[in-house]
Amino acid sequence: MVKVGLFGAGVVGRGVVELVRTQKDRIRQTLGADLEVSGIYVRDTSRPRTDQPELETTDQARVLESADIVVEVMGGIEPARSIIQAAHAAGKPVVSANKMLLSNHLGEFSGPLRYEAAVAAAIPILSSLREGFGAIRATRFEAILNGTTNLILGLMSEGMDYNAALQVAQDKGFAEADPSSDVLGHDSLYKAVLLTHALTGEMPNWSMDAAAGITGVTLDHIRAAEAEGKVVKLIASGDIAASRVSVKPQAVPKEAWVRIQGGRNRISIITDVAGELVWEGPGAGSHETASAVLGDAISLGRTLVLS
Ligand code: HSE
């Protein structure tokens with residue numbers, strides 16, 4: 001039995017609790033043991049957050065003690081940062097989906113830490129890049145890394161106004177707790193930083209100035225792009241040699257990008273000897289993100305089962 005201590009019961013945390021239950025047989029098969037949620041840290045217990053309210057507590061230490069593996073899906077810097085440090089101090093491996101924390105503070109953590117869910121949710125992009133690029137070099141990438149803004153831009157092109165479109169993204173569970181991180185391009189920038197780190201082993205030089213979001217995009221911009229056979233998307237770019245990342249809305253060719261609708265992500269990486277490689281898939285959403293969290297937990301759990 002591998003026990004998971006869950007910190008956070010928002011959209012992703014609830015997804016983790018649900019998938020542990022509904023994917024029980026598949027998880028047993030891939031892990032070689034059962035996996036259970038042993039405790040759920042929540043900020044307050046005034047109302048149930050998950051379908052296992054009996055596990056919910058405001059006692060961080062209790063959840064940590066109960067766990068073989070800590071899963072941090074709270075978002076934000078604190079208390080997520082202290083929780084990961086406490087887990088490592090207690091010798092426990094950690095899975096996190098926290099792109100804001102990891103892009104800013106990855107170097108502070110010294111214990112086992114996986115964070116596939118932090119970039120492009122269900123697409124296993126970080127492990128692919130770390131494991132699969134041993135003999136080739138990426139030179140640059142262009143990517144849609146934020147489902148919220150991608151959905152909003154799509155709905156705006158169909159005539160919906162910006163605020164109504166943002167509400168749809170929130171209702172679908174795509175948006176951050178503070179959606180300004182999505183619409184200002186910050187969330188995409190954090191992910192571009194982590195993508196670069198997966199490609200090079202080093203953090204790029206970056207600051208928040210490198211992010212421009214979609215708040216200035218109007219229906220006129222969208223229609224002007226369409227008249228040229230293009231589509232407006234929020235594109236995260238990386239120049240690997242220059243160690244630079246940036247995010248801004250761009251009119252890009254329809255052929256490659258228009259089919260990336262709603263919460264989907266697309267990552268195009270140009271390499272020196274293998275040309276262009278492309279990944280597409282669900283980049284936001286409860287079960288989509290929880291699937292990547294559990295993939296990491298199972299991978300870490302296998303080591304525990306075997307030891
Ligand atoms: N707010 C994020 C998005 C969630 O819309 O893509 C997934 O990281």
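Is Ala120 buried or exposed? Ala120 is buried, with a relative accessible area of 1%. The notes below return to this residue after the ligand site. Keep in mind that this is a predicted model.

1. **The ligand's surroundings.** Start with the residues around the ligand. They are Lys99, Asn146, Gly147, Thr148, Phe174, Ala175, Glu176, Asp182, Asp187, Lys191, Gly283 and Ala284. Sorted by class, this shell has 5 charged, 4 polar and 3 nonpolar residues.

2. **Polar contacts to the ligand.** Look at three side chains here. Thr148 places a polar side-chain atom 2.6 Å from an oxygen atom of the ligand. Glu176 also brings a polar side-chain atom to 2.6 Å, but its partner is a nitrogen atom of the ligand. For Lys191, an N or O atom in the side chain is 2.8 Å from a ligand oxygen atom.

3. **How much of the ligand is covered.** On its own, the ligand exposes 260 Å². The protein buries 94% of that area. The space that the ligand takes is the largest pocket. Two elements give two or more residues each to the shell: α7 (147–157) and α10 (186–200).

4. **Ala284, a shell residue in a loop.** Ala284 is one of the residues around the ligand. Its place is the loop between β11 (276–282) and α13 (286–306). Ala284 counts as buried because its relative accessibility is 9%, and the cut-off for buried is under 20%. Val305 is 21 residues from Ala284 along the chain, and their C-alpha atoms are separated by 30 Å.

5. **Ser103 in helix α5.** Ser103 belongs to helix α5, which covers residues 99–105. With 4% relative accessibility, Ser103 is buried. Where does the side chain of Ser103 reach? One partner is the backbone oxygen of Lys99, at 2.7 Å. Another is the backbone oxygen of Met100, at 3.2 Å. Lys99 is also listed among the residues around the ligand.

6. **A cis peptide bond.** Check the link between Glu78 and Pro79. The peptide bond that joins them is cis, with omega at about 5°. Pro79 sits in the loop between β4 (69–72) and α4 (80–89).

7. **Ala120 again.** The backbone of Ala120 deserves a look as well. Its phi is near 60°, a positive value in a residue other than glycine. Ala120 lies in the loop between β6 (113–114) and α6 (125–132). Why does Ala120 count as buried? Its relative accessible area is 1%, and buried means under 20%, so Ala120 qualifies.

8. **Ser243, another positive phi.** Ser243 is not a glycine, yet its phi is positive, at about 55°. This residue is found in the loop between β8 (230–239) and β9 (244–253).

9. **Met208, partly exposed.** Met208 is in the loop between α10 and α11 (219–227). Its relative accessible area is 30%. That value falls between the cut-offs of 20% and 50%, so Met208 is partly exposed. Asp178 lies 30 residues from Met208 along the chain, and the separation of their C-alpha atoms is 16 Å.

10. **Points to take away.** For the ligand, remember that the protein buries 94% of the area it exposes when taken alone. For the backbone, remember the cis bond between Glu78 and Pro79. Add to that the positive phi of Ala120 and the positive phi of Ser243.

Conventions: Residues numbered from 1 in each chain as written. Predicted model: local features only at pLDDT ≥ 70, side-chain atom pairs only at ≥ 80, totals over all residues. Heavy atoms only, no water. Near = heavy atom within 4 Å. Polar contact = N/O pair within 3.5 Å; in protein donor to acceptor, adjacent residues only side chain to side chain. Areas by Shrake-Rupley, 256 points an atom, 1.4 Å probe, with all protein chains shown as cover. 1 Å grid on protein atoms, 1.4 Å probe; cavity = no way out; pocket = protein on both sides within 12 Å on 5 of 7 lines; lining within 4 Å. Sits in = over half its atoms within 2 Å of the grid points. Helix = DSSP H or I, 4+ residues; strand = E, 2+ residues; numbered from the N terminus. Nonpolar A, V, L, I, M, F, W, Y, C, P; charged D, E, K, R; others polar. Buried < 20%, exposed > 50% of the residue type's maximum accessible area, 1.4 Å probe, protein only.
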